[in-house]
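Please open the model in your viewer with side chains ready to be shown, and follow the stops below in order. Each stop says what to select next and what is to be found there.

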Amino acid sequence: MEKTSTEDGAIAAFETRYIQHIRRQRLFTLVGLAILGALLMWSFSVSEVFSGDRGGDPLARLATFLDKLMPDLEPRSLLSDVETEGSLANWFYGWPLWFSALWETLQIAIVSSVLGAILAVPAAILASRNLMPIASVRFVTRRILEAIRTLPDIIVALILVAAFGIGPLAGVITIVLSTIGRLGKLYAEINESADMGPLRSVRASGGNWWHALRYGLAPQVAPGYASYALLKLEGNIGAAAALGIVGAGGIGIELSRAITYTLFADYLAILLMITVLIFVTDMLSEQVRHQLIGVKSGYV
């Protein structure tokens, strides 16, 4: 009887602690939601998204802007030549120049993605706890990668354009730095999740540190490395297009011209070309990523 009373008391005490724990969790959740809501309302107030001083309803302003973007197409003239107003050819009158600039944007993205992905590998090794035993080296490397990630690409591009002049070089360097900062962190996380057994086996059989990385680590991390690099390539295409607005080469220069002269139809046409390029790149890179990680590809 005494044992049963002790067990009942322990169960009751456990239930009491559990209920108190649940109440604390709910209280913390409510406080967090209240703080988040206050920050959100403050952000709306500061940004003047719903301010009447900015033209009233933001959805109405958005609709007005989208209406300006739409070209004046005529169904009967849709397939006519470039001289006919209301035709697709007339809308995309500048496609040779835009395509050339878009090709330059793709080249900037590819070159910077490849260079950034390659340079991110040694940075990731230096930042990995299981590969770099010197804590100070890991700390400094991680802080450098964090500093690179915190730098806005547009600010870096502006600085480099001032240093090197207008052209693709500033865009390449900017995106290379951005790629190193982001892939370096992701690669380090992949390294730290790798099985160290194969590396120890290579060292035990007489291999050096380089052999351990080549034959013990690389087969494990290569698919993840390539997958993240391809994913970053997709983002770098958009980044290269945006950086061109500040003079860093590519299609962004044409976007800047369309914005400056309020050529809304040109702006939409260029955006559509960029979107199609990103769609195609995404589909191709997805196929490659699925092959690398052994997932069956396909689109619904």
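## A buried asparagine and its surroundings

Begin by selecting Asn191, which is found in helix α7. Keep in mind throughout that this is a predicted model. Is Asn191 buried or exposed? With a relative accessible area of 0%, Asn191 falls under the 20% limit and is therefore buried. Show Ser128 next, since a polar contact of 3.1 Å joins the side chain of Asn191 to that of Ser128. If you then display the residues in contact with Asn191, leaving aside its neighbours within four places in sequence, you will find Ala124, Ile125, Ser128, Asn130, Leu131, Leu217, Val221 and Tyr225.

## The largest nonpolar core

From that list, move to Leu131. Apart from neighbours within four places in sequence, Leu131 is in contact with Ile125, Asn191, Met196, Leu199, Trp209, Leu213 and Leu217. Which residues touch the most other members of the largest nonpolar core? Among its 36 residues, these are Leu131, Tyr187, Leu199 and Leu217. To see where this core comes from, colour helices α4, α6 (153-164), α7, α8 (197-204) and α9 (209-243), each of which supplies at least two of its residues. Another core, of 18 residues, lies apart from it, and Leu69, Leu102, Ile237 and Leu255 are among its members.

## Thr105 in helix α4

Select Thr105 now, whose place is in helix α4. Thr105 has a relative accessible area of 1% and is buried. Not counting residues up to four places away in sequence, Thr105 touches Ile237, Ala240, Ala241, Gly250 and Ile251, and Ile237 in this list is one of the residues named above for the core of 18.

## An aromatic cluster

Turn next to the aromatic side chains, for which the count comes to 5 pairs in the structure. Select Phe92 together with Trp98: their ring centres are 6.5 Å apart and their planes stand at 70°, so the pair is edge-to-face. Adding Tyr93 shows another edge-to-face pair, this one between Tyr93 and Trp98, with 5.5 Å from centre to centre and 70° between the planes. The two partners of that pair can be set side by side for their accessibility: Trp98, at 1% relative accessibility, counts as buried, whereas Tyr93, at 42%, counts as partly exposed. Finally, show Trp91 as well, because ring pairs link Trp91, Phe92, Tyr93 and Trp98 into a cluster.

## Charged side chains

Side chains of opposite charge can pair when their charged atoms come close. The structure holds 6 salt bridges, and the remaining stops take you to some of them.

Select Glu192 and Arg129, whose side chains meet in a salt bridge of 3.5 Å, N to O. Glu192 lies in helix α7 (residues 168-192), while Arg129 is in the loop between α4 (95-127) and α5 (135-150), so the pair ties together parts that are 63 residues apart in sequence. Glu192 is partly exposed, with a relative accessible area of 30%, and Arg129 is exposed, at 55%.

Stay in helix α7 and select Lys185 and Glu189, which form a salt bridge of 3.2 Å, N to O. These two residues are 4 apart in the helix, a separation of about one helical turn. Glu189 has a relative accessible area of 40% and is partly exposed, and Lys185 likewise counts as partly exposed, at 37%. Before leaving this region, add Arg142 to the view, since salt bridges that share partners join Arg129, Arg142 and Glu192 into one network.

The last stop is helix α5, where Arg143 and Glu146 both lie, 3 residues apart and about one turn of the helix from each other. Their side chains meet in a salt bridge of 2.6 Å, N to O. Arg143 counts as partly exposed at 32% relative accessibility, and Glu146 is also partly exposed, at 32%. Which ring does the charged end of Arg143 sit over? Select Phe139 to see: the charged end of Arg143 sits over the ring of Phe139, 4.8 Å from its centre.

Note on methods: Residues are numbered from 1 along each chain as its sequence is written. This is a predicted model: local features need pLDDT of at least 70, side-chain atom pairs count only at pLDDT 80 or more; totals for chains, interfaces and linings use all residues. Side-chain values use heavy atoms; hydrogens and water are left out. Rings of Phe, Tyr and Trp (its six-membered ring) pair if their centres lie within 6.5 Å; planes under 30 degrees apart count as stacked, over 60 as edge-to-face and the rest as tilted. Buried means under 20% relative accessible area, exposed over 50%, partly exposed in between (1.4 Å probe, protein chains only). A charge sits over a ring if NZ of Lys or CZ of Arg is within 6 Å of the ring centre and within 35 degrees of the ring normal. A salt bridge is a side-chain nitrogen of Lys or Arg within 4 Å of a carboxyl oxygen of Asp or Glu. A nonpolar core is a set of buried Ala, Val, Leu, Ile, Met, Phe, Trp, Tyr and Cys residues joined through side-chain atoms within 4.5 Å. Contact means heavy atoms within 4.5 Å. A polar contact is a pair of N or O atoms within 3.5 Å; within protein, one must be able to donate a hydrogen and the other to accept it, and residues adjacent in sequence count only if both atoms are side-chain atoms.
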